[in-house]
Amino acid sequence: MNSIKTPQTIFPNWMRGFLLISAAYNILWGIFIGYFPETFFQWVTESEASVPGAITWQGKGVLLMAGVYLTCAIHPGRFWYLLFFAAFTKIAGGIWFYFYILEQQVGDKATFHLLMNDGIWVPFLVFIGLRAHAYSKFKRSTENQA
């Protein structure tokens with residue numbers, strides 16, 4: 001059964017909600033990493049080693065990505081490509097974290113961190129990015145018809 005294509009069916013509200021929740025999650029996570037880098041590092045590495053300076057920059061990067069998610073939630077048709085950038089940063093950030101921070105030593109907490117803060121987001125971001133791109137094309141085609 002063919003349904004009528006509307007902006008709501010192409011990019012439903014739950015996708016905007018997901019992006020808004022992603023923004024809020026990243027704001028909280030970025031603040032936590034930025035203000036408590038020692039706590040974060042010791043929790044995820046399960047060690048008492050000294051904290052590399054890159055952890056503070058990681059917190060800033062997470063806050064930056066919160067802005068990307070918020071922008072995409074507000075204007076998905078205009079900034080759809082940023083969702084693919086976000087998926088790329090999740091993959092690249094996870095790989096960087098695994099090699100540079102964890103030094104290929106993965107415990108239970110590090111596995112949880114890599115899966116929950118990197119891996120699980122990628123399929124959603126790609127799917128929502130594809131829908132946002134379709135939304136963008138639909139909006140352009142309706143503007144051209146007017």
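A helix, in this tour, is a DSSP run of H or I with at least four residues, and helices are numbered from the N terminus. Keep that in mind when you meet L28, a residue of helix α2. The model on your screen is a predicted one.

**Stop 1: the whole protein**

Start with everything shown as a cartoon. You should find 7 helices and 0 strands. Following the sequence from one end to the other, the pattern reads α-α-α-α-α-α-α. Along the principal axes, the C-alpha atoms fill a box of roughly 65 × 30 × 20 Å.

Now switch on the surface. About 8800 Å² is exposed, and 67% of that comes from carbon and sulfur atoms. Of the 146 residues in the protein, 34% are buried. Contacts are worth a thought here too: among those between residues at least 6 apart in sequence, 76% join residues at least 24 apart.

**Stop 2: helix α7**

Select residues 121–145, which form helix α7. This helix has 25 residues and reaches 36 Å from its first C-alpha to its last, close to the 36 Å expected at 1.5 Å a residue.

Which residues of α7 are buried? Colour W121, V122, L125, I128, G129, A132, Y135, S136 and F138 to see them. Then show what covers these buried residues: the cover includes α1 (7–10), α2, α4, α5 and α6.

Zoom in on one of them, S136, in helix α7. Is S136 buried or exposed? S136 counts as buried because its relative accessibility is 9%, and the cut-off for buried is under 20%. Leaving out residues up to four places away in sequence, S136 touches G77 and W80, so select those two as well.

**Stop 3: the largest pocket**

Next, look for the largest pocket, which holds about 410 Å³ of space. How can empty space be found at all? Rolling a probe the size of a water molecule over the atoms shows where space is left.

A good way in is to select Q58, G61, V62, T89 and G93, the lining residues that lie nearest the centre of the pocket. The full lining has 22 residues. Which helices each supply at least two residues of that lining? They are α2 (13–35), α4 (54–74), α5 (81–101) and α6 (108–119). By type, the lining residues divide into 13 nonpolar, 7 polar and 2 charged.

**Stop 4: three residues of helix α2**

Select N26, found in helix α2. N26 has a relative accessible area of 3%, so this residue is buried. Show its contacts next: beyond residues up to four places away in sequence, N26 touches V62, L63, M65, A66, Y69 and K90.

Move along to L28, also in helix α2. L28 counts as exposed because its relative accessibility is 61%, and exposed means over 50%. Try the distance tool on L28 and T56: these residues are 28 apart in sequence, and their C-alpha atoms are 14 Å apart in space.

The third residue to pick in helix α2 is I31. With 38% relative accessibility, I31 counts as partly exposed. Use the distance tool again, this time between the C-alpha atoms of I31 and G59: you should find a separation of 6.7 Å, with their positions 28 residues apart along the chain. Setting aside neighbours within four places in sequence, I31 is in contact with F36 and L63. You have seen L63 before, as a contact of N26.

**Stop 5: helix α3 and the loop that follows**

Select residues 37–45 to show helix α3, then pick out Q42 within it. How exposed is Q42? Q42 is partly exposed, with a relative accessible area of 29%. Not counting residues up to four places away in sequence, Q42 touches S47, E48 and A49.

End the tour at E46, in the loop between α3 and α4. E46 is partly exposed, and its relative accessible area is 46%. What should you look for in its backbone? E46 has a positive phi of about 55°, although it is not a glycine. Here is the background to that: most residues other than glycine have a negative phi.

Conventions:
Residues numbered from 1 in each chain as written. Predicted model: local features only at pLDDT ≥ 70, side-chain atom pairs only at ≥ 80, totals over all residues. Heavy atoms only, no water. 1 Å grid on protein atoms, 1.4 Å probe; cavity = no way out; pocket = protein on both sides within 12 Å on 5 of 7 lines; lining within 4 Å. Points joined across faces, edges and corners; volume = space filled by probe spheres on them. Nonpolar A, V, L, I, M, F, W, Y, C, P; charged D, E, K, R; others polar. Buried < 20%, exposed > 50% of the residue type's maximum accessible area, 1.4 Å probe, protein only. Contact = heavy atoms within 4.5 Å. Areas by Shrake-Rupley, 256 points an atom, 1.4 Å probe, with all protein chains shown as cover. Expected span 1.5 Å × (residues − 1).
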